[in-house]
Amino acid sequence: MKGNTGFRENYGDWFRMMESKTEKSKSGKLVIPGDKLATIEEFVPGMGSASLGDSVVSTVVGDVEPDMSNRVINVKAVKSADDHLPKAGDLVIGHVDSSQPSMAQVTIIAVQDEPSDKQLSGMLSMREDRRRRTSSPIKAGDIIRAKVISTKNSIYHLSLDDPKTGVISTVCSNCGGSVIALSRDRVKCKECGFVDERILSEDFVKYSRGQMS
Ligand SMILES: [Zn+2]
C-alpha cells in the first residue's frame, strides 16, 4: 500500500466529493483510480483493477475485494456507467494500449468518474506544439484522464487540452520504478534517476510536489 496516501492527497477535493456522493463504503476501504492495491507478486488484477509496472492499481471508485484463494484482487465499483456512453465534453479515464509520438490508442475504463466495462476504444491526439517529438509523451500501460472532443463515426476522439487531463498513473519506462513530476511534462524516476517526457495531469504534478517537500 506504499504511495496510497499520496494518491489520496493527489485527488483531494475530488475524492471527498465522491465519498459524500457515494454514501459510506461498507468495508471502509474505498479506493479511487490510480490507488495502488498490491504488488503483482501478491495478486493478479481482476475486475476494476489493472497492472501497472509491478503494482496492481484501481481503475474505478469502489471497494477492494481480494479473492484470497485465487490471488485475484477485485474492486467492486460503487457505481456502474453501463448506460453512460461518453459524449463530447466528458472526462474519461483510460488505459493506454499503444502510443506513437502524436497519438495513442486507449481503452476507456471510466466515464465522468463512473466505471465502464464496455471496452470502448478511444483515439487520443496530442498536438505537437512546442517541439517535434521523437517518442510519445504517453506510454503504453499509463493510466490517463482525457477529454472527449467528438464521437463522430462512433470513434471516441480524445484530447489532453485541459489541465485536469494527462497521465494520472505511470512508472519509469527504463526500470519500472515510481516517478515524480519535475514539471508539467517531465518525470524523474525515484529509483534510477531516468528523466522522461510525459504529459501530466495537474493532480499528478500536485502529488509530486507533496512527495518532494
Ligand atoms: Zn527508473
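## The nonpolar core

In this predicted model, the largest nonpolar core has 44 residues, and the residues with the most contacts inside this core are Val92, Val106, Ile138 and Ile144. Strand β9, which covers residues 103-111, supplies the largest share of the core, namely 6 residues. The core also draws on both domains, taking at least three residues from domain 1 (4-77) and at least three from domain 2 (91-212).

## Two residues of the core

Val92 is one of the residues with the most contacts inside the core. Once its neighbours within four places in sequence are left aside, Val92 is in contact with Pro86, Ile108, Ala110, Val111, Gly122, Ala146, Val148 and Leu158.

Where along the chain does Ile138 lie? Ile138 is found in the loop between strand β10 (114-125) and strand β11 (143-150). Why does Ile138 count as buried? A residue is called buried if 20 or more other C-beta atoms lie within 10 Å of its own, and Ile138 counts as buried because it has 26 C-beta neighbours inside 10 Å. Leaving aside its neighbours within four places in sequence, Ile138 is in contact with Val96, Ser99, Ala104, Leu124, Met126, Ile144, Val167, Arg198 and Ile199. One of these partners, Arg198, is 60 residues away from Ile138 along the chain, and yet the C-alpha atoms of the two are separated by 5.6 Å.

## A sheet of three strands

Strands of a sheet pair through backbone hydrogen bonds, and this pairing can be either parallel or antiparallel. In this model, 3 strands form an open sheet in the order β2-β5-β4, and they pair in the antiparallel sense. The edge strands of this sheet are β2 (36-39) and β4 (49-52), each of which pairs on one side only, and the twist from one strand to the next averages 30°.

How many bridges join β4 and β5? Strand β4 and strand β5, the latter made of residues 55-58, are paired over 4 bridges in the antiparallel sense. Within this part of the structure, Ala50 stands opposite Val57, a residue of β5.

## The chain as a whole

Seen in full, the protein chain contains 2 helices and 16 strands. Of the 213 residues in the chain, 39% are buried, and Ile138, described above, is a buried residue. When contacts between residues at least 6 apart in sequence are considered, 55% of them join residues that are at least 24 apart. The contact between Ile138 and Arg198 can serve as an example, with its two residues 60 apart along the chain.

Notes. Residues numbered from 1 in each chain as written. Predicted model: local features only at pLDDT ≥ 70, side-chain atom pairs only at ≥ 80, totals over all residues. Pairing = 2+ DSSP bridges. Axes fitted to C-alpha atoms, helices over the stretch in contact; angles between N-to-C directions. Buried ≥ 20, exposed ≤ 12 C-beta atoms within 10 Å, placed from the backbone. Contact = placed C-beta atoms within 7 Å. Core = buried A, V, L, I, M, F, W, Y, C linked by C-beta atoms within 7 Å. Domains from an automatic or database assignment.
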